[in-house]
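Dear colleague,

I am handing over the structure below, followed by notes on what was found in it. Please read the notes with the coordinates open beside you.

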Amino acid sequence: NNPVHVKRIKAQKMLEFCKEQKPYQEYENGNNAFKSYDLDQAARWYESALLTSNPELSFEIIIKQKEIGTILLDSAFNHLESIGFNKSEKLIRKARALTPDIEDKADRYLSKIYLLKGDVFYNAKNYDVALENYNKAYKYNPKIRSNYIVKVRQVTNAILDEANKAKDNGDILFALSSLKRLIELRPELEE
């Protein structure tokens, strides 16, 4: 019996054992980060563990990823006023990237945010940007079609009103530029 050979076999067995335990350690690190409210770090640990985990552990990891995603979504929408549109959108996108299980919910939240953002720009008479946001809202949630149509009509009517007021005030150039802008935003109106 060669003692070097026996040590090598033990070392290989130890290495295999460690490789099998690695995803469990990463999962536990993710749980500790989660308990400390470090959701970014927890998500990274879970993602790493998922790469080499067995099906049972993968199931647990996916549940945790969904939980983090849901927390991010709810935080983004519930704290919209305090964190603003851009940070909310980033949180929602981050949640959406964590797991496909919450994509539909994330898309509905993005749609709501884009509708709200569109309303802000509409009220500020920035109709181009309002329409861009309404289009994004519809893209993320086609179920809002009737609301989307109402919003697009409001923008269209507001731009037409601007053009008519400009014409009535003798500002033909502004009226023409408003109508040209409307046709650029809504080419189907050109006919």
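**Helix H3 and its surroundings**

Aspartate 74 is found in helix H3, which covers residues 55–78; please keep in mind throughout that this is a predicted model. The relative accessible area of aspartate 74 is 27%, so the residue counts as partly exposed. Once its neighbours within four places in sequence are left aside, aspartate 74 is in contact with His79, Lys105 and Tyr109. Aspartate 74 also stands 9.4 Å from leucine 91, C-alpha to C-alpha, with their positions 17 residues apart in sequence.

Helix H3 also holds glutamine 65, and the question there is whether this glutamine 65 is buried or exposed. With a relative accessibility of 2%, against a limit of under 20% for burial, glutamine 65 counts as buried. Not counting residues up to four places away in sequence, glutamine 65 touches Tyr46, Glu47, Leu50, Leu98 and Thr99.

**The nonpolar core**

Tyr46, just mentioned as a contact of glutamine 65, returns in the largest nonpolar core, which has 38 residues and in which Tyr46, Ile68, Leu73, Ile92 and Val155 touch the most other members. At least two residues of this core are supplied by each of H1, H2, H3, H4 (80–98), H5, H6 and H7. In soluble globular proteins, nonpolar side chains tend to be buried together. For isoleucine 92, with residues up to four places away in sequence not counted, the residues touched are Leu73, Ala76, Ala106, Tyr109, Leu110 and Ile113; Tyr109 is thus listed for isoleucine 92 and also among the contacts of aspartate 74.

**Two loops with positive phi**

Which residues other than glycine have a positive phi? Among them are tyrosine 37, at about 65°, and lysine 125, near 60°. Tyrosine 37 lies in the loop between helix H1 (3–35) and helix H2 (39–52), and its relative accessible area of 72% makes it exposed. Lysine 125 lies in the loop between helix H5 (103–123) and helix H6 (127–140), where its relative accessibility of 55% likewise counts as exposed.

**Helix H7 and what follows**

Helix H7 runs over residues 145–168, and its 24 residues, at 1.5 Å a residue, should span 34 Å; the C-alpha atoms at its ends are 34 Å apart, so the expected span and the model agree. Buried residues in H7 are Tyr148, Lys151, Val152, Val155, Thr156, Ala158, Ile159, Ala163 and Ala166, and Val155 is also one of the core residues that touch the most other members.

Tyrosine 148, placed in helix H7, is buried because its relative accessible area is 17% and burial means under 20%. Apart from neighbours within four places in sequence, tyrosine 148 is in contact with Tyr134, Asn135 and Tyr138. Alanine 137 is 11 residues from tyrosine 148 in sequence, and their C-alpha atoms are 7.9 Å apart in space.

After H7 comes glycine 170, with a positive phi near 85°. Further along, Ile172, Leu173 and Leu176 form a nonpolar patch on the surface, and together they have about 330 Å² of accessible area; of these, leucine 176 lies in helix H8, residues 172–185.

With best regards

Key: Residues numbered from 1 in each chain as written. Predicted model: local features only at pLDDT ≥ 70, side-chain atom pairs only at ≥ 80, totals over all residues. Heavy atoms only, no water. Helix = DSSP H or I, 4+ residues; strand = E, 2+ residues; numbered from the N terminus. Expected span 1.5 Å × (residues − 1). Buried < 20%, exposed > 50% of the residue type's maximum accessible area, 1.4 Å probe, protein only. Patch = residues over 30% accessible without salt bridge, like charges linked within 9 Å, V, L, I, M, F, W, Y side chains within 5 Å. Areas by Shrake-Rupley, 256 points an atom, 1.4 Å probe, with all protein chains shown as cover. Salt bridge = Lys/Arg side-chain N within 4 Å of Asp/Glu carboxyl O. Contact = heavy atoms within 4.5 Å. Core = buried A, V, L, I, M, F, W, Y, C linked by side-chain atoms within 4.5 Å.
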